[in-house]
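Biologist: Could you walk me through this model? I would like to hear the reasoning behind each answer.

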Amino acid sequence: MPPPPSPPVVETVPAHPEIAIPPHARVLYTETGWASWYGPNYHNRRAANGEIYDMNGLTAAHRTLPLNSIARITNLKTGDSVLLRITDRGPFVNNRIIDLSKAAAQKLDVYRHGTAQVKIEVLESPAPIETGGKWCVQIGGFKDPMAASALKEKLSRRYHTAHVLQFTSPIGEDWLRVRVAQDDKERAEALMHETHTDVGVYLVRLD
């Protein structure tokens, strides 16, 4: 009697494959400041690069780095570091420079504390970091939607070539996103400095 056929070999792909870079990759950009993390409220929602955000993957949100850049993040207190991709925009909180996924926050000992001082080192980027890009100004979050609507009308009247979008975030706050003519960085920076409001005003790269 012939032996039973061998079961087929099934190759499994890790749900969150490790990010690989050349061993001596040059650092393209460095920044230090406070990191935080974001998770359940944004999990399974679409990120800025078009992917579905998975808080268990090694990703992060940054306001101005080109999307899909690869960066090494180091906790300045512990020395722990992790490689991740920039897939989203944020954090929209003053004095924070990066929002880590839950998985990245756990690897960097940021998860329990909530925040930590980190160093960002960009090792790969699909576009120039200091030049080019498409830019906007994001304003919020407003606790009162009427306040957001009032500022939207004011900005629309003042900046006739700008497109002002009002939207609600996953945590229920209202935000404004103002796209200037040709998504130009200098125009966006000027609008940001000319806008006076009690809520946060942030320069954001769209690409």
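**Salt bridges and a helix**

Modeller: Happy to! Glu121 counts as buried, since its relative accessibility is 11%. Do keep in mind that this is a predicted model.

Biologist: Which residue meets the side chain of Glu121 in a salt bridge?

Modeller: The N to O distance in this salt bridge is 3.0 Å. The pair links distant parts of the chain, 49 residues apart, with Glu121 in strand β6 (residues 116-124) and its partner in strand β3 (residues 70-75). That partner is partly exposed, with a relative accessible area of 27%. The residue is Arg72.

Biologist: Nice. Which residues do salt bridges with shared partners join into one network?

Modeller: A search of the whole structure finds seven salt bridges. Some of them share partners, and one network joins Arg72, Lys119 and Glu121.

Biologist: Is Glu173, the salt-bridge partner of Lys143, buried or exposed?

Modeller: The closest N and O atoms of Lys143 and Glu173 are 2.6 Å apart. Lys143, in the loop between β7 and α2, is exposed, with a relative accessible area of 71%. Glu173 lies in the loop between β8 and β9, 30 residues apart from Lys143. Its relative accessible area is 16%, and because the cut-off for buried is under 20%, Glu173 is buried.

Biologist: Let us turn to the helix after that loop. How far apart are the end C-alpha atoms of α2?

Modeller: Helix α2 covers residues 145-158, which is 14 residues. At 1.5 Å a residue, the helix should span 20 Å. The model agrees with this expectation, because the end C-alpha atoms are apart by 20 Å.

Biologist: Which residues of α2 are buried?

Modeller: On the other side of α2, Met146 and Arg157 are exposed. The buried residues pack against β7 (135-142), β8 (163-168) and β9 (174-179). They are Ala148, Leu151 and Leu155.

Biologist: Why do those buried residues count as being on the same side of α2?

Modeller: The residues in question are Ala148, Leu151 and Leu155. They are on the same side of α2 because the arc they cover around the axis is only 70°.

Biologist: And at the start of α2, which residue's side-chain oxygen reaches the backbone nitrogen of Met146?

Modeller: Met146 is one of the exposed residues of α2. The side-chain oxygen comes to within 3.0 Å of the Met146 backbone nitrogen, and it belongs to Asp144.

Biologist: To finish, what share of the chain's contacts with a separation of 6 or more joins residues 24 or more positions apart?

Modeller: The chain has three helices and 10 strands. For contacts with a separation of 6 or more, the share from residues 24 or more positions apart is 73%.

Notes:
Residues numbered from 1 in each chain as written. Predicted model: local features only at pLDDT ≥ 70, side-chain atom pairs only at ≥ 80, totals over all residues. Heavy atoms only, no water. Helix = DSSP H or I, 4+ residues; strand = E, 2+ residues; numbered from the N terminus. Expected span 1.5 Å × (residues − 1). Buried < 20%, exposed > 50% of the residue type's maximum accessible area, 1.4 Å probe, protein only. Arc of directions from axis to C-beta. Contact = heavy atoms within 4.5 Å. Polar contact = N/O pair within 3.5 Å; in protein donor to acceptor, adjacent residues only side chain to side chain. Salt bridge = Lys/Arg side-chain N within 4 Å of Asp/Glu carboxyl O.
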